[in-house]
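I opened the model to look up single residues, then helix packing, then the core. My entries follow in the order I made them.

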Amino acid sequence: MTPVEAVAVFAAGVGAGAVNTVVGSGTLITFPVLLATGLSPVTATVSNALGLVPGAVSGALGYRAELRGQRRRILKLSVGALLGGFTGAVLLLALPATAFEKIVPVVVGLALVLVAFQPLITKRMRRRRTPATTAESADAPAGGSARDPVGALDHAPAPARSDGGPLLFIGLTLASVYGGYFAAAQGIIYMSLMGVLLDETMQRLTAVKNVLVAVVNTVAATFFLFVADFDWTAVALIAVGSALGGQLGASVGRRFSPAVLRTLIVTIGTLALVQLLLR
């Protein structure tokens, strides 16, 4: 690797670390650069996965304040991320290179639709939960009941499940299979699923997303260390760059409003989708 290529890989690592922390799709920055240095697609994918682990951990630490109160949720979803990430890593070496690439644009496109329309979808889901609760409270005596002694549930929507239920676990596990295989737009897929199925702020969902990405990257990287070929120079450059970028992304991304963050996700995701379609 020439000095110019080394600088380019390091810069790509910084950019990928920052983008992954805030949105996702950082792989679409590093992957083409690694290919340009002469690495094969599989070697570039493996080297990229190894190098982005420090960035994922750095981004998760940068959002540690938003992780408070989410321990149980994260532990449960991390199980699916671990299983999915390992499965995806195995598939990367077992399947033809074109197997997953055919469905990647479809997955990313669906995720973008979910992110864009998440407020509307969430609002409709809340409306569907409201009638049952209202009817239940209507049968209670004035001033409340034994289950609702102060009448606090009157006309209030039923709360969403704090862990998103089986649908979220299965969805995130499947997304983690994809993440262990290629990882481009993995964070966007996570955000789309959690945004629809969890009643949380975008910033707190971003914090969870960063932890899940760190889990997937770590388990895939650990597998690759023993069974795959990779370029140590590329790994080291991306690792240092992504760690710096993760902190940069956390400091900037935490200041974004939900609308700005959603717009950023859709914009970067659309660019990622275009790049995937043109590959």
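**Ala228**

I looked up Ala228 and found it in the loop between helix 11 and helix 12; helices (H or I, at least four residues) and strands (E, at least two) are DSSP runs, numbered from the N terminus. This is a predicted model, in which local features need pLDDT of at least 70 and side-chain atom pairs count only at pLDDT 80 or more, while totals for chains, interfaces and linings use all residues. Residues are numbered from 1 along each chain as its sequence is written, and side-chain values use heavy atoms, with hydrogens and water left out.

Is Ala228 buried or exposed? Ala228 counts as buried because its relative accessibility is 12%; buried means under 20% relative accessible area, exposed over 50%, and partly exposed in between, with a 1.4 Å probe and protein chains only. I listed its contacts (heavy atoms within 4.5 Å), leaving aside neighbours within four places in sequence, and got Val46 and Leu93. I also took the C-alpha to C-alpha distance from Ala228 to Val42: 8.8 Å, for a separation of 186 residues in sequence.

**Arg254**

Next I went to Arg254, in the loop between helix 12 and helix 13 (258-278). Its relative accessible area is 38%, so I noted Arg254 as partly exposed. Not counting residues up to four places away in sequence, Arg254 touches Gly62, Tyr63, Ala65, Glu66, Gln203 and Gly249. For Tyr63 I also noted the C-alpha separation from Arg254, 7.7 Å across 191 residues of chain.

**Glu200**

I found Glu200 in the loop between helix 10 (186-197) and helix 11. Glu200 is partly exposed because its relative accessible area is 24%. Beyond four places in sequence, I have Glu200 touching Gln70, Arg73 and Leu205.

**Helix 1 against helix 12**

I then looked at how helix 1 (residues 3-22) packs with helix 12 (residues 232-253): the angle is about 35° and the axes are 6 Å apart. Axes are lines fitted to C-alpha atoms, for helices over the stretch in contact, and angles run from 0 to 180 degrees between N-to-C directions. On the helix 1 side I listed Ala6, Val9, Phe10, Gly13, Val14, Gly17, Ala18, Thr21 and Val22. The helix 12 side includes Gly241, Gly245, Gly246, Gly249 and Gly253.

How many charged residues are in this contact? There are no charged residues, against 12 nonpolar and 9 polar. In this count Ala, Val, Leu, Ile, Met, Phe, Trp, Tyr, Cys and Pro are nonpolar, Asp, Glu, Lys and Arg are charged, and the others, Gly among them, are polar.

From that list I picked Ala18, which lies in helix 1. Ala18 counts as buried because its relative accessibility is 15%. Outside its neighbours within four places in sequence, Ala18 is in contact with Gly245, Gly246 and Gly249. The C-alpha atoms of Ala18 and Gly55 are 8.1 Å apart, with these positions 37 residues apart along the chain numbering.

**Helix 4**

Gly55 took me to helix 4 (residues 53-62), where 7 of the 10 residues are buried. I noted them as Val53, Gly55, Ala56, Ser58, Gly59, Ala60 and Gly62. They pack against helix 1, helix 3 (41-51), helix 11 and helix 12.

**Ser176**

Ser176 is in helix 9 (residues 165-181). With a relative accessibility of 0%, Ser176 counts as buried. I found Ser176 in contact with Gly80, Ala81, Gly84, Gly85, Tyr190 and Val216, leaving aside neighbours within four places in sequence.

**Core**

I looked up the largest nonpolar core, which has 55 residues. Such a core is a set of buried Ala, Val, Leu, Ile, Met, Phe, Trp, Tyr and Cys residues joined through side-chain atoms within 4.5 Å. Those with the most contacts inside it are Leu34, Leu168, Leu172, Tyr190, Met194, Leu212 and Phe224. Helix 11 (residues 202-227) gives the largest share, 13 residues. I checked Met194, which beyond four places in sequence is in contact with Leu168, Leu172, Leu205, Val208 and Lys209.

**Whole chain**

Last, I noted 13 helices and 0 strands in the protein chain. Of its 279 residues, 49% count as buried. The average pLDDT (the predictor's confidence in each residue, from 0 to 100) is 77, and 75% of the residues score at least 70. I marked residues 131-160, where pLDDT stays under 50.
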